[in-house]
Amino acid sequence: MTASSSPVAVVTGGARGIGLAVAQWFLTHGHRVALWDADAVTLRATEAALDDPSRVLAIHCDVSQPAQVTDATEQTESYFGRIDALVNNAGVAVFKPIGQTSFEEWQTVLGTNLNGPFLCTQAIAPVMLKTGGGSVVNIASISGLRASTLRVAYGTSKAALIHLTKQQATELGTVGIRVNAVAPGPVDTEMAKLVHSAAIRADYHDVIPLERYGTVQEIANAVGFLCSAAASYVNGQVLAVDGGFDAAGVGLPTLRKTAVQ
Ligand code: NDP
């Protein structure tokens, strides 16, 4: 496959963290990549570090803003000529009690975590169809599968994103675009550093059967699989990449420690 016909992936929030690892997975597997991110400084630093202008396009874009998404889609199509994969990864977290979560914070979280994937998928699907279809992966969270304190906005946005995934898979599957979600457990990124205290970290070690955080590469591997031909019949699914956290259910640490003795 020549460089100009090689597949193209758009990764939102691709300047750092999980999004950057996903972008690196695509580059390693022969794709060209467009990184869309709202953090201009980090985005430019990442673009410079990747140092591959023929295969990497960095676009400053806030995915919660319809006009910016339209513009980024046009720029990406014009630069690369096609789009085959979209990873809706950009996300923000506000962890606060219900009574202290302002309406503005609620709207900010829903704006990026839910409106963003709606807008980006709506804008990019017609471009994917010009070359026969594609694959979308929405980055949800274990917080979209299990409720928890302090996550009224974040958890609700991710649960809604999981349902949006199924809506999109149902409608877009008929025209050749598969849509799936990955629900990561805790991963040590800038976002986690912001909201995970030492006590929260210890709690996660207690309740996750693998007794550790995931790595950005482990999340990227799952995303890459879902975008690959190996997952050609997988559509509308939610893959928890969480060390068994979701499966554990009533996985009380005391009971678990007893079980292995
Ligand atoms: P990071 O905060 O490290 O990176 C997210 C990137 O997305 C940042 O560069 C951020 O820029 C950018 N971004 C935020 N809002 C927007 C927006 N509206 N438009 C475009 N870019 C935006 O996060 P992670 O890598 O940790 O998280 C990636 C995804 O994984 C998120 O959806 C998150 O909810 C999900 N996730 C993460 C987990 C974890 O433990 N880390 C666990 C479960 C899910 P800026 O600095 O401007 O905000």
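A polar contact here is a pair of N or O atoms within 3.5 Å. With that in mind, welcome to a predicted model whose ligand sits in the largest pocket. Here is a quick tour of the ligand's surroundings, followed by a look at salt bridges.

**Polar contacts to the ligand**
- A backbone N or O atom of Ile 18 lies 2.9 Å from one of the ligand's oxygen atoms.
- Ala 38 also takes part through its backbone, where a polar atom is 3.1 Å from a nitrogen atom of the ligand.
- Asp 62 uses its side chain instead: a polar atom there lies 2.9 Å from a ligand nitrogen.
- On its own the ligand has 900 Å² of accessible area, and the protein covers 90% of that.

**The shell around the ligand**
- Three elements each give two or more residues to this shell: α1 (17–28), α5 (152–172) and α6 (190–195).
- There are 27 residues around the ligand, and those that come nearest are Arg 16, Asn 89, Tyr 154, Val 187 and Thr 189.
- By type, the shell holds 13 nonpolar, 8 polar and 6 charged residues.

**Salt bridges**
- The whole structure contains 9 salt bridges.
- One of them pairs Arg 16 with Asp 39, with 3.7 Å between the closest N and O atoms.
- Arg 16 lies in the loop between β1 (8–12) and α1, while Asp 39 lies in the loop between β2 (32–37) and α2 (40–50), so this pair ties together parts that are 23 residues apart in sequence.
- Arg 16 thus appears twice in this tour, as a residue that comes nearest the ligand and as a salt-bridge partner of Asp 39.

Notes
Residues are numbered from 1 along each chain as its sequence is written. This is a predicted model: local features need pLDDT of at least 70, side-chain atom pairs count only at pLDDT 80 or more; totals for chains, interfaces and linings use all residues. Side-chain values use heavy atoms; hydrogens and water are left out. A residue is near a molecule or strand if one of its heavy atoms lies within 4 Å of it. A polar contact is a pair of N or O atoms within 3.5 Å; within protein, one must be able to donate a hydrogen and the other to accept it, and residues adjacent in sequence count only if both atoms are side-chain atoms. Accessible areas come from the Shrake-Rupley method with a 1.4 Å probe; for residues, only the protein chains shown count as cover. On a 1 Å grid over the protein atoms alone, a cavity is a set of points where a 1.4 Å probe fits but cannot get out, and a pocket is an open set with protein on both sides within 12 Å along at least five of seven lines; lining residues have an atom within 4 Å of a point. A molecule sits in a cavity or pocket if more than half of its atoms lie within 2 Å of its grid points. Helices (H or I, at least four residues) and strands (E, at least two) are DSSP runs, numbered from the N terminus. Ala, Val, Leu, Ile, Met, Phe, Trp, Tyr, Cys and Pro count as nonpolar, Asp, Glu, Lys and Arg as charged, and the others, Gly among them, as polar. A salt bridge is a side-chain nitrogen of Lys or Arg within 4 Å of a carboxyl oxygen of Asp or Glu.
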